[in-house]
Amino acid sequence: MKATTKAVAVACAFGIAGIANAINPATFNVTVNMSGGLSVAVSGNLPIGAKAPSNVGVYGPVTVTNDSASFVEDYTIAVSNSADWTIGAAQAPDVATMRVMFNSALPLETDFIAADQLIGLAGGVLCGALAAEAFVGNQDGQDVAPSAVNDLYVRFGMPTSDSSTGAVQTFTVTINAVAP
Ligand SMILES: [Ca+2]
């Protein structure tokens, strides 16, 4: 008889515990994310044409557009070497130099600084990231809003001589949109 009473008491205890665990208030999460993906578009190629040894010139712009429609973006920039020349820190035989800058108008050759320099086959350099602000003119390739268009200018230094007998050299510049 006593055992039965105990069992009832235990059942009641569970019942009370169940009520005590009721949740109030209740919550639910709303989850959502912006559609689309990072995207960047350029206006086209930049044909410089035939230049004399050691010539230095400024060319462009190539327009760079955040066409993601959704996301604020930063850009990184890298350059390939060509078949016969490399992009280096200083002009030399078969070595050209390339500096790039975001600016709304044609910059002077002297507006380009060492931080604007690209090196062939190096990893992409984040715009504006270096202490000296890589690739920064009056635009900077940083925190670029959707649909914003920036103008990229190229300062190209010809090699001091060429061993390709004048073959056209093609350098591929890669602009990569990354999280801001
Ligand atoms: Ca940024």
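**A tour that starts at strand S8**

Select strand S8 to begin: eight of its nine residues are buried, so this strand is largely enclosed by the rest of the structure. What is on screen is a predicted model, with a mean pLDDT of 91 over the chain and with 88% of the residues at 70 or more. If you colour by pLDDT, residues 1-5 show values below 50, and beyond near neighbours in sequence this stretch has zero contacts in the model. Residues 7-12 likewise have pLDDT below 50 and zero contacts beyond near neighbours in sequence.

Next, display the whole chain as a cartoon. One helix and nine strands appear, and from the N terminus on they run α-β-β-β-β-β-β-β-β-β. Of the 180 residues in the chain, 24% are buried, and among contacts between residues at least 6 apart in sequence, 75% join residues at least 24 apart.

Return to S8 and add its partners. Strand S2, residues 56-65, pairs with S8 in the antiparallel sense over eight bridges; to look at one of these pairs, select valine 64, whose bridge partner in S8 is asparagine 150. Strand S5 also pairs with S8 in the antiparallel sense, here over six bridges, and the pair to pick out is arginine 99 with its bridge partner in S8, arginine 155. In general, the strands of a sheet pair through backbone hydrogen bonds, either parallel or antiparallel.

Now turn to the side chains of the largest nonpolar core, which has 25 residues, and among these Ile77, Met98, Val100 and Phe135 touch the most other members. The elements that give two or more residues to this core are strand S3 (74-79), strand S5 (95-102) and strand S8 (149-157), and the largest share, five residues, comes from S5. Centre the view on methionine 98 and, leaving aside its neighbours within four places in sequence, select the residues in contact with methionine 98: Val79, Ile87, Leu118, Val154, Phe156 and Phe171.

From the core, follow S3 outward to its own sheet. This is an open sheet of three strands in the order S7-S3-S9, with antiparallel pairing, in which strand S7 (125-126) and strand S9 (173-178) are the edge strands, each pairing on one side only. Between S3 and S9, which run antiparallel, there are six bridges; as a last selection, take alanine 78 together with threonine 174, its bridge partner in S9.

How values were computed
Residues numbered from 1 in each chain as written. Predicted model: local features only at pLDDT ≥ 70, side-chain atom pairs only at ≥ 80, totals over all residues. Helix = DSSP H or I, 4+ residues; strand = E, 2+ residues; numbered from the N terminus. Buried ≥ 20, exposed ≤ 12 C-beta atoms within 10 Å, placed from the backbone. Contact = placed C-beta atoms within 7 Å. Core = buried A, V, L, I, M, F, W, Y, C linked by C-beta atoms within 7 Å. pLDDT = per-residue confidence, 0-100. Pairing = 2+ DSSP bridges.
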